[in-house]
Amino acid sequence: MINGDTSLVGLLGNPVRHSLSPVMQNAALESMGLNWRYLALPCTSENLDQVLKGLRAIDCQGLNVTIPHKQAIAELCEELSPLAKRLGAVNTLIPGAGGGWFGTNTDVEGFLAPLGANDAWAGLHAVVIGCGGSARAVVAGLQTLNLSSITVVGRRSEALQAFITDLQQSHAPLTACLDTAVQLNESVAQAALVVNTTPVGMAQHGDPEAMPLGAELWQDLDGEAVLYDLIYTPRPTSWLAAGQQRGHRCIDGLEMLVQQGAASLRLWSGRDDVPVAAMRSAATTALAT
């Protein structure tokens, strides 16, 4: 029951009507007995600063941030976590001590959760498709897995090189590869893990039957390779469905969504008893209806 003591948490983005975050977060809040409500809050880039100040003024307990604001909002925070500084991207806001917002990023934690033990990936090669905002969190996560190398595939040379320069580290070095390059086939054939961070294949983006980099490329993929698609609508995507038919282990983006949301709720509430299973169940049910 909403009453005079009910506090607000929510999601800033544009658009946000399709988001599963309110469904899964409100299921968690109910389970935890917190008198909070989580709302999807559409916000244009032009109004972002004003909205942030207004929500802080009414004592909003915390915010998630999604497309297209993850990078722009970093400039509007009172303080950033070291990870958010490195990525230049924020997906979680916590009320700051100085009257503004503390920005951090739980996408990395969410991405890594389904992959299992770090040592299982030591010395292996990964391919990341795309070099946008989501890819930044993916690469930062992969760089903790003791991989031998990571190839990042992009369409535009300038954006790709800037991405590589920004995130390069001495361990698990990043290699740039244009989607038209002849070495792409060899890199994919050697991959133990391939992550699609692009919207290719998403139900709301063009052709849901499309596959990242085209269907033909995946025929030579090692049979033990894991395919990880950040998309979860449709479920599975055409790319993952084809991978399942070839016997690959396939992961979609729903678990990442659940885990990053749970990590955010732990930060807002200061509690460790966030009901991840209830969040996962609520999100899965919403997708099926």
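Start by selecting helix α1 together with its surroundings: its buried residues are covered by elements that include β1 (7–13), β2 (36–42), β3 (62–65), α9 (254–269) and α10 (276–288). Keep in mind throughout that this is a predicted model.

**Stop 1: helix α1**

Now show α1 alone, residues 21–32. Colour its buried residues: S21, P22, M24, Q25, A28, L29 and M32. Residues three or four places apart in an α-helix point the same way, because there are 3.6 residues a turn. Next, check the length. The twelve residues of α1 should span 16 Å at 1.5 Å a residue, and the end C-alpha atoms are 16 Å apart, so the two values agree. Step just past the helix to G33, where phi is positive at about 70°.

Then go to the loop between β1 and α1, and pick P15. The peptide bond joining N14 to P15 is cis, with omega of about 5°.

**Stop 2: the parallel sheet**

Select the six strands of the open sheet. Their order is β9-β8-β7-β10-β11-β12, and the pairing is parallel. Which strands stand at the edges? They are β9 (174–178) and β12 (249–251); each has a single partner strand, so one side of each has no neighbour in the sheet. Look along the sheet for its twist, which averages 20° from one strand to the next.

Zoom in on β10, residues 193–196. Both of its faces are covered. L193 and V195 are buried on one side, V194 and N196 on the other. Four bridges join β10 to β7, and V127 stands opposite V194. Four bridges also pair β10 with β11 in the parallel sense. There, V226 in β11 is the bridge partner of L193.

Move on to β11, residues 226–229. Three bridges pair β11 with β12, again parallel. Pick L227 and find C250 of β12 opposite.

**Stop 3: helices across the strands**

Add helix α5, residues 133–142. Helix α5 lies across β7 (125–129), β8 (149–154), β9 and β10, and runs at about 170° to β7. Follow the chain into the loop between α5 and β8 to reach N146. N146 is not a glycine, yet its phi is positive, about 60°. Its relative accessible area is 48%, so N146 is partly exposed.

Add helix α6, residues 157–167. Helix α6 lies across β8 and β9, at about 175° to β9. The loop between α6 and β9 holds A172. This is another non-glycine residue with a positive phi, here about 50°. Is A172 buried or exposed? It counts as buried, at 5% relative accessibility.

**Stop 4: D252 and its contacts**

Finish in the loop between β12 and α9, where D252 sits. D252 is buried, with a relative accessible area of 12%. Show its side chain, which makes a polar contact with the side chain of R235 at 2.4 Å. The backbone nitrogen of L254 lies 3.0 Å from a polar atom of the D252 side chain. Leaving out residues up to four places away in sequence, D252 touches Y228, D229, I231, Y232, R235 and L240.

Stay with R235 for the last pick. The peptide bond from R235 to P236 is cis, with omega near 0°. P236 lies in the loop between β11 and α8 (238–245).

Definitions and conventions
Residues numbered from 1 in each chain as written. Predicted model: local features only at pLDDT ≥ 70, side-chain atom pairs only at ≥ 80, totals over all residues. Heavy atoms only, no water. Pairing = 2+ DSSP bridges. Helix = DSSP H or I, 4+ residues; strand = E, 2+ residues; numbered from the N terminus. Axes fitted to C-alpha atoms, helices over the stretch in contact; angles between N-to-C directions. Contact = heavy atoms within 4.5 Å. Expected span 1.5 Å × (residues − 1). Buried < 20%, exposed > 50% of the residue type's maximum accessible area, 1.4 Å probe, protein only. Polar contact = N/O pair within 3.5 Å; in protein donor to acceptor, adjacent residues only side chain to side chain.
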